[in-house]
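Dear colleague,

Please find the structure below for your review. My findings follow directly after it.

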Amino acid sequence: RKLRSYAKAVRRAEDGIIVVSPPVLPFYSNRAGRALNRRLLITQIKLLMVAYDFRDPVLWVAIPTARDVVGHLGERALIYQVSDKYEANRMDHATGSNIIAEMHREMLDRAVLIYYSGRKLIEGETATHPEIKPKAKLLAQAVDFEHFSSATAKDWPAPADIADLPHPRL
């Protein structure tokens, strides 16, 4: 499945969202592998930013291995979405047990906002890292589909404070 997504490289979904699957090598324990991935990702993303006229992006990442591109894209803010206990990961034998945990801790420090996908996860991490509590938020994983899908039944005017922002907007 991942190889097929790499083959598509860049595509625009039906709803207008640009979907990108940049190829990377899974060698996070290896310094040279991380350096190569960093160069590949930064180059690919910067080319896409030029092609789609993205400037001053807000970088929203959901994996700690994205750490190596943070700070290299001209982003004005970093949002980090946490969905696993990265510091407790001792099962990934392809990567040194401390590498992912170190990346995760650095992302916690650098992010201006941290979203957690579960209540136990946010409670555990804010207990372990009390300094992140002001920027840690629970991102509940449920939605009232009927309620929110009805919003597309009519064409809504953009709020005044974002009406002049260029598309795409999320």
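How many residues in the lining of the largest pocket are nonpolar, polar and charged? The lining has 30 nonpolar, four polar and ten charged residues, where Ala, Val, Leu, Ile, Met, Phe, Trp, Tyr, Cys and Pro count as nonpolar, Asp, Glu, Lys and Arg as charged, and the others, Gly among them, as polar.

The model is predicted: local features need pLDDT of at least 70 and side-chain atom pairs count only at pLDDT 80 or more, while totals for chains, interfaces and linings use all residues. Residues are numbered from 1 along each chain as its sequence is written, and side-chain values use heavy atoms, with hydrogens and water left out.

The protein chain contains five helices and six strands (DSSP runs, H or I of at least four residues for helices and E of at least two for strands, numbered from the N terminus). Along the sequence their order is α-β-β-α-β-β-α-β-α-β-α. Of the 170 residues in the chain, 30% are buried (under 20% relative accessible area, 1.4 Å probe, protein chains only).

As for the largest pocket (on a 1 Å grid over the protein atoms alone, an open set of points where a 1.4 Å probe fits, with protein on both sides within 12 Å along at least five of seven lines; lining residues have an atom within 4 Å of a point), 44 residues line it, and F54, P57, V58, L59 and W60 lie nearest its centre. Helix 2 (31–51) is among the elements that each supply at least two lining residues, and helix 2 gives the most, with seven.

Yours faithfully

Methods. Buried < 20%, exposed > 50% of the residue type's maximum accessible area, 1.4 Å probe, protein only.
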